[in-house]
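The report below is meant to be read alongside the sequence and the coordinates. It begins with the lining of a pocket and then turns to the chain, its cores and one loop residue.

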Amino acid sequence: MKKAISVLMVAACMLCMVTACEKKNKKENDTSAVQATETDCTAAELVTTEPEGEITISEMIDQRIKEEGKIMIYRMHFGPSKTPLEITEDLNVNIISYDGKELIGYRNSSNRRGETRLGDIIHNKVDYSTYNIGAYGGNWKRYDNEFGDEKYVEEEGYVQREITTDDSGNNAQLETLYSYSKGTLYTREEESEVWNQTEKDNSLDIVSFGTFERIKLDGKTYMTFCVRDNLDLIEYDIIPDNKYTENKTVVYDTPGTEKTTVNTVDYLKEYQAVPQEELEQMIVFPGSEKEESSQAAD
């Protein structure tokens, strides 16, 4: 009996030791998981150092295309909210590139909305071989649906860079990249042999350059532009810096700049830059008063 009790006591001691080890390992693993999550969610810092010069939006785009063949743009949308947004590596963005002639979209096939995690881009973890890559905002060629058939025949199409001006026409307010197409839309009802013909002249805005600021993530700096559209949705565009832009502030082009067309059509006027004061209330940066007050509230 004593021997049996001794065996049980030894077994119980060993179980306690194993359990303690498991708890210790679990705690270490939990700590590692927390650290990994914190790393993954590294927040952007606002760059406040005085820039050494200026560069126009057109110069910035042209230089990037000249050096790298294209300019990469990471874009996100979010609606009006009273909760300040934190720009982190865990943020999901859409990827767009522009080579001076064509706008290309990169749709992540593993994400329902086609988005990509910003941190994966920053750390070069994106495998574009799994992406659906093609013309951004491209027009449909033909598709069938429950109501009938529809096809679009494009006669003319190109990407245009334009800037809006104020009422005087002298001061640049906003520059936009948009896709323009002109063609004929053919539609027919289900089981009908008659095609209805409609002339289409469409413009699709792709990127609008608004309020400018520079942020830093994982030691790298990025140019950011923020605008609001007529639906009160915020568009936040993130563009990596290079040696040509990293020490400069971005300014709008002067109307009449070469390769830039001054255009004040209504659909461009629907966009406006978010006022800097409002932008400061909308975005949270580490060390800011908003962050400290929110932590105090927690």
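## The largest pocket

In this predicted model, the lining of the largest pocket draws at least two residues from each of β13, β16 (248–251) and α5, and β13 provides the largest share of that lining, with 4 residues. The volume of this pocket is about 430 Å³; 23 residues line the pocket, and those closest to its centre are L46, V47, T48, T49 and R214.

By residue class, the lining of the largest pocket comprises 9 charged, 7 polar and 7 nonpolar residues.

## The chain as a whole

The protein chain contains 19 strands and 6 helices, and of its 298 residues 36% are buried. Among contacts with a separation of 6 or more, 66% are between residues 24 or more positions apart. The area that the protein chain exposes is about 18000 Å², of which 48% is supplied by carbon and sulfur atoms.

## Nonpolar cores

The largest nonpolar core has 28 residues, and the members that touch the most others in it are I87, Y236 and I238. At least two residues of this core come from each of β3 (71–78), β5 (92–98), β6 (103–108), α3 (118–122), β13 (211–217), β14 (220–228), β15 (234–240) and α5 (276–282), with β3 giving the largest share, 4 residues. Apart from this core lies another one, made up of 20 residues that include I57, I73, I96 and Y98.

The surroundings of Y236 can be listed in detail: leaving aside residues up to four places away in sequence, Y236 touches Y74, R75, M76 and F78, together with I87, E213, I215, T224, F225, C226, L279 and I283.

## The loop residue Y136

Y136 is located in the loop between β8 (131–135) and β9 (142–145). Is Y136 buried, partly exposed or exposed? Its relative accessibility is 22%, and because buried requires a value under 20% whereas exposed requires one over 50%, Y136 counts as partly exposed.

The contacts of Y136, again without residues up to four places away in sequence, are R75, I96, L103, I104, G105 and I206. One of these partners, L103, is 33 residues from Y136 along the chain, yet the C-alpha atoms of the two are separated by 5.4 Å. Another partner, I96, is among the residues of the 20-residue core described above, while R75 is touched by Y136 and also by Y236.

Technical notes
Residues are numbered from 1 along each chain as its sequence is written. This is a predicted model: local features need pLDDT of at least 70, side-chain atom pairs count only at pLDDT 80 or more; totals for chains, interfaces and linings use all residues. Side-chain values use heavy atoms; hydrogens and water are left out. A nonpolar core is a set of buried Ala, Val, Leu, Ile, Met, Phe, Trp, Tyr and Cys residues joined through side-chain atoms within 4.5 Å. Buried means under 20% relative accessible area, exposed over 50%, partly exposed in between (1.4 Å probe, protein chains only). Contact means heavy atoms within 4.5 Å. On a 1 Å grid over the protein atoms alone, a cavity is a set of points where a 1.4 Å probe fits but cannot get out, and a pocket is an open set with protein on both sides within 12 Å along at least five of seven lines; lining residues have an atom within 4 Å of a point. Grid points are joined across faces, edges and corners, and a volume is the space filled by probe spheres set on the points. Ala, Val, Leu, Ile, Met, Phe, Trp, Tyr, Cys and Pro count as nonpolar, Asp, Glu, Lys and Arg as charged, and the others, Gly among them, as polar. Accessible areas come from the Shrake-Rupley method with a 1.4 Å probe; for residues, only the protein chains shown count as cover.
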